[in-house]
Amino acid sequence: MKVSAIITLKKDVLDPQGKVIHQTLDGMGFKDVNEVRQGKYFEIDVKENDPQKAQKIVEDMCNKLLANLVIENYKIIEIQ
Amino acid sequence: MKSAVITFPGSNCDRDMHVALNKFGFKNQMVWHNDIELPKSDLVVLPGGFSYGDYLRCGSMASKSKIMQSVINFAKSGGLVMGICNGFQILVESGLVPGVLLRNKYLEFICKNVFVKIDNKNNPYFKNLDKEVFEFHIAHNEGNYFCTNDQLKEIEDNNQVAIYYCNDNGKTEEKFNPNGSLKNIAGIFNKEKNVLGMMPHPERMIDQSLSGEDGSLFFKNLINNIK
């Protein structure tokens with residue numbers, strides 16, 4: 001199964017890259033932006049045909065390596 | 001006194017640290033990240049560099065390498081483990097010291113000398129030092145120390161802040177903070193004070209002709225404390 005996960009910075013963690021992207025968008029004329037937050041996206045093809053089990057495996061990966069839970073949250077967004 | 005410096009793929013301060021440790025009396029051994037057992041050591045050092053190309057998060061891959069389980073066991077049994085720069089990032093990623101190191105606030109790689117203030121000498125690293133303010137070198141892109149409010153309270157209650165960024169007089173104001181670190185924090189201990197992580201490089205300050213001698217004071221004192 002292919003499992004997709006996104007990792008985002010927690011709300012109270014400063015995201016300087018997001019800030020610069022926001023400023024650049026503003027300079028380009030995109031004036032309707034409140035905030036930009038940058039994150040990470042993973043597509044993991046696991047050798048598991050049961051969607052629930054596949055999700056569990058990727059959640060375990062997120063907890064142990066892909067995300068640092070002090071500053072980041074993760075979310076499984078798609079299993080196919 | 002025996003020390004061990006771990007070399008990860010992408011470490012680049014491992015040899016500098018080897019030279020510094022040997023210069024001040026340690027008998028240092030280089031250890032490859034893929035090894036399983038640490039040699040018998042009084043001090044283990046995780047050096048600076050860009051382990052695994054800083055992929056995912058700085059230090060995250062190295063913190064899972066084979067030798068780290070042995071380093072974690074050594075630290076948990078009270079052994080001295082010091083992480084400098086990328087070594088500090090590996091320490092936070094392995095959970096040996098609290099917090100994380102984020103991208104520098106102004107998104108620039110910082111390479112310069114800074115002053116740091118030692119706050120607490122009640123530990124094997126700084127005990128008996130006869131001054132508080134040291135000039136060390138920093139070179140990093142992700143040195144912006146951050147932790148949760150709960151962690152910060154615990155860190156402060158347990159006197160776990162090792163060093164703060166400051167000016168040459170030891171003033172720890174925001175304007176002397178190079179990278180946006182919470183409370184000017186440049187280095188942190190674990191609760192027991194046997195594990196030290198810090199962004200500055202004392203091993204780059206061991207020769208007057210290179211840049212200074214404050215690192216010499218640190219290493220000379222360290223080996224005397226361990227003896």
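Select chains A and B of this predicted model. About 1,300 Å² is buried between chain A and chain B, and carbon and sulfur atoms give 70% of that area. Now pick A:Leu65, A:Asn68 and A:Val70. These residues lose the most area to chain B on the chain A side, together 38% of what that side buries.

Widen the selection to the contact residues. Chain A brings 16 residues into contact with 14 residues of chain B.

Next, the polar part. Show the side chains of A:Glu72 and B:Arg57: they form a salt bridge, with N to O at 3.6 Å. The count between chain A and chain B is one salt bridge. Polar contacts across this interface link six residue pairs, both residues at pLDDT 80 or more.

Colour chain A by element. On the side that touches chain B, α1 (16-27), β2 (40-45) and α2 (51-66) of chain A each give two or more residues. Recolour that side by class: 10 residues are nonpolar, two are polar and four are charged.

Leave the interface topic and go to chain B. Select residues 161-166, strand β9 of chain B. Is this strand mostly covered or mostly open? Mostly covered: six of its six residues are buried.

Add the strands that pair with β9(B). Strand β6 (residues 110-118) of chain B runs antiparallel to β9(B), with four bridges. Label B:Ile118; its bridge partner in β9(B) is B:Ile163. Then add strand β10 (residues 185-189) of chain B, also antiparallel to β9(B), over three bridges. Here B:Tyr164 has B:Ile185 of β10(B) as its bridge partner.

How values were computed. Residues numbered from 1 in each chain as written. Chains lettered and ligands numbered in written order. Heavy atoms only, no water. Contact = heavy atoms within 4.5 Å. Buried area = accessible area lost by both parts, 1.4 Å probe. Salt bridge = Lys/Arg side-chain N within 4 Å of Asp/Glu carboxyl O. Polar contact = N/O pair within 3.5 Å; in protein donor to acceptor, adjacent residues only side chain to side chain. Nonpolar A, V, L, I, M, F, W, Y, C, P; charged D, E, K, R; others polar. Buried < 20%, exposed > 50% of the residue type's maximum accessible area, 1.4 Å probe, protein only. Pairing = 2+ DSSP bridges.
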